[in-house]
Amino acid sequence: MDLYIQVLVSGLLLGGVYALISIGLNLIFGVVRIINFAHGEMVMLSMYLTFWLHHLYGMDPYLAAIVVLPVMFLFGVAFQRVVVQPILTTSATMKIFTTVGVSLLLQNLVLIFWKGDFRTVQTSYSMSAFEVFEIIVSIPRFVAFVAALLSIIILYAFLKFTFAGKALRAIVEDNAVARLMGVNVERHYLLAFGLGCAFSGLGGVLLMPFNAVYPTVGVTYTLLAFVVVVLGGLGSMSGTFLAGLFIGVVEAFGGTFVSPALKEAIYFGIFILVLLVRPQGLFGMGRGTEEVGLK
Amino acid sequence: MISFAKVDLALWGQDLNRDLGRVGCLGLRKLTNQEKGAFMRKTVWIVMLCVSLVLGFSAGAFAAKTLEIGALYPISGSLALLGEESWRGAEIARMQRNKAGGVAGMEVIFVQGDANTPATSRSEAERLIEQKGVKGILGTYSSSRCMVASEVAGRKGIPYFELGAIANDITTRGYKTMWRINPTAAHFSVAQVEFIIDWLAPKLGKKPSDIKVSVAHEDSDYGSSVAASFSELAKKKGLQVVSVEPYAANSSDLSSVIFRLRKAEPDIVVAVSYAQDAILLSRQAIELKLNVPFIGTGGGHSLQSFADALGKNAEGVLNVDFTQYEVNTAFTPGLTNFLGLYKETFKANPRSGHSLANYMGANVVFDILQKTGGSLDPKAVQKAAMAMDVKVGSTATGWGVKFDENGQNIRVTPQVTQWRDGKLVTVFPKGAAVMEPILIK
């Protein structure tokens, strides 16, 4: 019995990290309707940024968020303006090619400048854990989980109560009508992309204390974030959070009780099933959102 | 090339004169931005032209006396770190050999290929052979990449020299042009099983038949092949293999592997990991309180970044691997020299023993080609390779050279090393060891 609870806890903690990485993608995906295959590379860049701040200036990885978040926000804005804006009206394949290209470019630039070494940060809490009723909870993973929860609440409040947030939601629901109502859609695209990247920045910061960073670390996260976003439903932040937890728990149970080698196969299987049965995702906003940007 | 260049140069020369003339006529007037731009562009062109001419000449001058060999390693992508580290070793051997007069009087040139993924490894092998016209290839570090690339070479009858990949079946597919200088997964297993029986069992006060072993391995060619050969041998020698846990090397969480290991309650875990998963596995083992000694199988456990990531927790982690640098140098003549060359060339310490193994291997390849007079003809290579007879303890890795009928070097033994104070120290077998192993759970 203990083992089941332990695996559940590990799964939930893992899911928190997955959710955190996926929120940014969902925002970009929902608002700008672009499949950003370079999303994992945004996480990778933020991890590197955190690493360098720690390595060169001795900054605590969590403290590095003060620098990483604004930098990633600006990076996102610039990315939207320079790369995405010009191709917004082109076909879906074009967008895929472009973002995949950017992802490869970033991976290889990083490889050239920072080499393929596996970089980690050493902190007092890197491998620490606390125990509740003999259930082990890893501290850095717990921090990431709580931060994911908090940031989703903040994002939810932002979308619900501010004007810019409402405009973003309007764009998610119906881009054309939002434009007719006087929303400056292009400017809100910039905001959405910036916020999306800032969230991947936060993901990168929180991953750094327990994960190594290397040029291709983002590849796994890109695919995973897609599964989470599609499962949770486009435009639904709480959906992303729950879907993240769900995938984490499925992965932990599948890995422990079936086989660690099959855990990815299991959640990709679920992904395909969801696409077949409920393409708008479990908490999706209904008709129209199942297109996942493929216009 | 050269005649073209002459004509072009003349044309540019005229343009340049005209520009200068114009400027001269206009006297003291400052150049407009447009004119400056045009001027700059032409200057750049001329500089580029000169550079290409020089390069053209230099290539021409040595053309008759070069020996081109394909060097196929993963130098980008997820295996870039050790792929590049491996290439560095071969590159040092090449530079050293060229300085000493080359192979059979010819300058050795590496035509570089990038075995980024198994798929690109195939296309790169084809490109090297078809387009670059190389008659032999060395590489590859990664077993899965070697499998596909050497198949391309094997079908075309082009000699393929493996210096780093350890999967058993690389040399058992019946290709007559396949040669491997480094130890195989089977050799690694022998070393691990010997170590467990000769050292760990007495240390724990148990009979070998009471020792329980778990295997955790990444699930590509490398991990699967090593894990399979270890399990088979361990069972044959009477050890209990209580669980085998495959996992994907790019996992971001390995807690499920740790839980399964905790459930199996082994005395020792044999891990077969690449870099990031080795780090993750050990970090999560500490977090989730799995108090069992680990013995790695080359790959990630031998990396400096592994020790850096774990800090003091790396102390006592065991690893079976190619020869490392903290070794009895009486056993490895040439190692100190190699280290010096490495630091001089790359301005850093080696990141793992992969460069050393590739240095030793490339030297063996050059020795074979020296005997064939620089020919890469498969028959000539076959004859020269089978005649190779180098004693154990006379190369930089301490390995000897003697090929079996499959093209596998049989005078190779991996060694057991242990992380001690941030250094990977050789602890077993006794001849190569510089320290006694310690047991830390």
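Student: Is Arg411(B) buried, partly exposed or exposed, and what is its relative accessibility?
Tutor: In this predicted model, Arg411(B) has a relative accessibility of 27% and therefore counts as partly exposed, since the band for that label begins where buried ends, at 20%.

Student: And which residue does Arg411(B) meet in a salt bridge?
Tutor: The partner is Asp389(B), and the N to O distance between the two side chains is 2.6 Å. Both residues belong to the loop between helix 13 (378–387) and strand 11 (415–420) of chain B, where they are 22 residues apart. Asp389(B) itself is exposed, with a relative accessible area of 52%.

Student: How many salt bridges are there over all chains?
Tutor: The count comes to 17 over all chains. One of them joins Glu84(B) to Arg351(B), with 2.7 Å from N to O. This pair links distant parts of chain B, because Glu84(B) lies in helix 3 (residues 80–99) while Arg351(B) lies in the loop between helix 11 and helix 12 (354–371), 267 residues apart.

Student: Are Glu84(B) and Arg351(B) buried or exposed?
Tutor: Glu84(B) is buried, and Arg351(B) is buried as well. The two also take part in a network of salt bridges, in which they are linked with Glu85(B) and Arg88(B).

Student: What about Lys156(B), which residue does that one pair with?
Tutor: Lys156(B) forms a salt bridge with Glu130(B), and their closest N and O atoms are 2.6 Å apart. Lys156(B) sits in the loop between helix 5 (143–155) and strand 4 (160–162) of chain B, and Glu130(B) in helix 4 (residues 118–131), so the bridge ties together parts that are 26 residues apart in sequence. As for accessibility, Lys156(B) is partly exposed at 39%, whereas Glu130(B) is exposed at 52%.

Student: Back to Arg88(B) for a second: which ring does Arg88(B) lie over?
Tutor: Arg88(B) lies over the face of Phe346(B), at 4.4 Å from the ring centre. Elsewhere in chain B, the charged end of Arg94(B) sits over the ring of Phe110(B), 5.6 Å from its centre.

Student: Which residue forms an aromatic pair with Phe346(B)?
Tutor: Phe346(B) pairs with Tyr342(B) in a tilted arrangement, with 5.2 Å from centre to centre and 55° between the planes. Both residues lie in helix 11 (residues 335–346) of chain B, four residues apart, which is about one turn of the helix. Tyr342(B) and Phe346(B) are both buried.

Student: Which aromatic cluster do they belong to?
Tutor: Tyr342(B) and Phe346(B) form one aromatic cluster together with Trp87(B), Tyr325(B), Phe338(B) and Tyr359(B).

Student: Switching to the whole model, how many aromatic pairs are there over all chains?
Tutor: The count over all chains comes to 23 aromatic pairs. Among them is the pair of Phe79(A) and Phe193(A), whose ring centres are 5.3 Å apart.

Student: Why is the pair of Phe79(A) and Phe193(A) called tilted?
Tutor: The planes of Phe79(A) and Phe193(A) stand at 45°, so the pair is tilted, because that angle falls between the stacked limit of under 30 degrees and the edge-to-face limit of over 60. The two rings come from distant parts of chain A, with Phe79(A) in helix 3 (residues 65–84) and Phe193(A) in helix 8 (residues 185–207), 114 residues apart.

Student: Are those two rings buried or exposed?
Tutor: Phe79(A) counts as buried at 6% relative accessibility, and Phe193(A) counts as buried at 0%.

Key:
Residues are numbered from 1 along each chain as its sequence is written. Chains are lettered from A and ligands numbered from 1 in the order in which they are written. This is a predicted model: local features need pLDDT of at least 70, side-chain atom pairs count only at pLDDT 80 or more; totals for chains, interfaces and linings use all residues. Side-chain values use heavy atoms; hydrogens and water are left out. Rings of Phe, Tyr and Trp (its six-membered ring) pair if their centres lie within 6.5 Å; planes under 30 degrees apart count as stacked, over 60 as edge-to-face and the rest as tilted. Helices (H or I, at least four residues) and strands (E, at least two) are DSSP runs, numbered from the N terminus. Buried means under 20% relative accessible area, exposed over 50%, partly exposed in between (1.4 Å probe, protein chains only). A charge sits over a ring if NZ of Lys or CZ of Arg is within 6 Å of the ring centre and within 35 degrees of the ring normal. A salt bridge is a side-chain nitrogen of Lys or Arg within 4 Å of a carboxyl oxygen of Asp or Glu.
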